[in-house]
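Student: I would like to learn how to read a model of this kind, feature by feature. Could you take me through it slowly?

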Amino acid sequence: MIKSDVLILGIESSCDDTSVAVVVNGRKVLSNVISSQIDIHKKFGGVVPEIASRKHIENISTVADISLQKAGVKLNDIDAVATTYGPGLVGALLVGLSYGKGLAFSLNKPLIGVHHIEGHICANYIESDFEPPFICLVVSGGHTNLILVKDYTRYEVLGKTRDDAVGEAFDKVARTLGLGYPGGAKIDALYKDEFVTIPFPRAFLEENSLDFSFSGLKSSVLNYINNTKYIDTAVVASSFQKAVVDVLIKKTMDCCAREGISKVAMAGGVSCNSFLRNMMKLSCEEKGYILNMPESIYCTDNAAMIASSAYYNFIKGKISPLNLNAQPMLRLSE
Ligand code: KG4
Ligand code: ZN
């Protein structure tokens, strides 16, 4: 470590993962501890916000202690404290934000509030030398976007979902198939090309639109399941996944062509999907585009991505006030 290195402690608690990380200069991860609540929420078939907030309160100090220990640094070595302040579940966000504020105040170090989706995008800088500008396909449980990443802190949303987020569609289809929650990874594991036999609809929308719509596909799959006597789970799951991925790939390629950009990245939990990753790789190779995909652990919610995003704000002097509030519907900064 050299004296000019910037060490940021990141905190993420916007949904059901409590995570604290220590990251150097936005790219090198010293620790990234994640305490998942999936086992608690899965019996309810989805995240229960009140339970999530309470679990964050129970876990956050321990997760922070372990993270510092793993990184081999003391609180005083930290240059700034970063915390997600939106979008997300308000009660859950407040836990990480309040903890971060307390730390920043007591250490007399800057606080940096981070937009959760900017964090997901910045996962592309972790342990890589990838740089903007690029087009990022953001696919998570709550978001589906095509974003022009102009530089490390400036973004333009070029396409968004008009209804369900893609992760939400994965989770609903998986739940109806009896695969449990969260279902994305379960559908992923069942996928085989030869199982794609049901012609579920692909919503490409109007010509030139970079927006998405998954509610028609979701309803079509649910209708199929409710109206068919003998369901082959792997066939339904694979046919659904293929319909989703076809749309995601086509829109991403269209977006690059329209913007004249030949660098592509992915972000968010659904970008763990192995079929999506393979297809994106093939499509980018075909077009001669450069592709970056974060490692799976940095695709789903984690605090390293929050510390990474904070670093680029920190070096531009973008510091948050200590009266920063949680913003459940926070929009991306242009
Ligand atoms: O980014 P994330 O951890 O949380 C949000 O910010 O929403 O994304 C969670 C979503 C869930 O909907 C989950 O089913 C989905 O990511 N997911 C996947 C896979 N792994 C996680 N979807 C498809 N294939 C996967 N392998
Ligand atoms: Zn997320």
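Student: Where is L205 placed, and is L205 buried or exposed, or something in between?

Tutor: This is a predicted model, which should be kept in mind throughout. L205 has its place in the loop between α6 and α7, and, with a relative accessibility of 33%, L205 counts as partly exposed because that value falls between the cut-offs of 20% and 50%. As for its position relative to another part of the chain, the C-alpha atoms of L205 and G167 are separated by 19 Å, the two residues being 38 apart along the chain.

Student: Which residue in the loop between α6 and α7 has a positive phi, and how should I read such a value?

Tutor: The general idea is that most residues other than glycine have a negative phi. In this structure N208, which is not a glycine, has a positive phi of about 75°, and N208 sits in the loop between α6 and α7. At 63% relative accessibility, N208 counts as exposed, because the value is over 50%.

Student: What is the phi of E127, and where does E127 lie?

Tutor: E127 is a residue other than glycine, and its phi is positive, near 50°. The loop that holds E127 runs between α4 and β6, and E127 counts as partly exposed, with 48% relative accessibility.

Student: Which peptide bonds are cis, and how do I recognise them?

Tutor: Most peptide bonds are trans, and omega is the angle to inspect. The bond from G86 to P87 is cis, with omega near -10°, and P87 belongs to the loop between β4 (80-86) and α3 (90-107). Another cis bond joins P132 and P133, with omega about 5°; P133 lies in the loop between α4 and β6 (134-139).

Student: Which protein atoms are donors of the zinc ion (ligand 2), and what is the geometry of the site?

Tutor: Begin with the distances and then turn to the angles. The protein donors of the zinc ion (ligand 2) are NE2 of H116, NE2 of H120 and OD of D301, and they lie 2.0 to 2.1 Å from the ion. For comparison, the ideal angle for four tetrahedral donors at a metal is 109.5 degrees. The four donor atoms of this zinc ion make angles of 95 to 134° among them, and the site counts as tetrahedral because all of these lie between 85 and 135 degrees.

Student: What spacing do the donors follow along the chain?

Tutor: The donors of the zinc ion (ligand 2) follow H-x3-H-x180-D. Distant parts of the chain are linked in this way, since H116 belongs to helix α4, whereas D301 is in the loop between α10 (296-299) and α11 (304-314), 185 residues apart. H116 is buried, with a relative accessible area of 6%, and D301 is buried too, at 14%.

Student: How many residues surround ligand 1, and what is the make-up of that shell?

Tutor: A shell is read first by its members and then by their character. There are 21 residues around ligand 1, of which G141, D171, D188, G269 and N273 come nearest. The shell divides into 12 polar, six nonpolar and three charged residues, and α4 (116-122), α5 (166-176) and α6 (184-190) each supply at least two residues of it.

Student: Which backbone atoms lie at short range from oxygen atoms of ligand 1?

Tutor: A backbone N or O atom of G269 lies 2.9 Å from an oxygen atom of ligand 1, a backbone N or O atom of G184 lies 3.1 Å from an oxygen atom of the ligand, and for a polar backbone atom of G142 the distance to a ligand oxygen is 3.4 Å. Taken alone, ligand 1 exposes 550 Å², and the protein buries 87% of that.

Student: What does the side chain of S31 reach, and with what does the side chain of S213 make a polar contact?

Tutor: For each serine, look at the place, the burial and the partner. S31 is in strand β3 (residues 28-36) and counts as buried at 4% relative accessibility; its side chain reaches the backbone oxygen of S67 at 2.8 Å. S213 lies in the loop between α6 and α7 (215-227) and is buried, with a relative accessible area of 15%, while its side chain makes a polar contact of 2.6 Å with the side chain of D163.

Key: Residues are numbered from 1 along each chain as its sequence is written. Chains are lettered from A and ligands numbered from 1 in the order in which they are written. This is a predicted model: local features need pLDDT of at least 70, side-chain atom pairs count only at pLDDT 80 or more; totals for chains, interfaces and linings use all residues. Side-chain values use heavy atoms; hydrogens and water are left out. A residue is near a molecule or strand if one of its heavy atoms lies within 4 Å of it. A polar contact is a pair of N or O atoms within 3.5 Å; within protein, one must be able to donate a hydrogen and the other to accept it, and residues adjacent in sequence count only if both atoms are side-chain atoms. Accessible areas come from the Shrake-Rupley method with a 1.4 Å probe; for residues, only the protein chains shown count as cover. Helices (H or I, at least four residues) and strands (E, at least two) are DSSP runs, numbered from the N terminus. Ala, Val, Leu, Ile, Met, Phe, Trp, Tyr, Cys and Pro count as nonpolar, Asp, Glu, Lys and Arg as charged, and the others, Gly among them, as polar. Buried means under 20% relative accessible area, exposed over 50%, partly exposed in between (1.4 Å probe, protein chains only). Donors are N, O and S atoms within 2.8 Å of the metal (3.2 Å for Na, K and Ca); water is not among the atoms, so sites may look incomplete. Four donors count as tetrahedral if all angles lie between 85 and 135 degrees; four count as square planar and six as octahedral if opposite donors are over 155 degrees apart and all others between 65 and 115; anything else is irregular.
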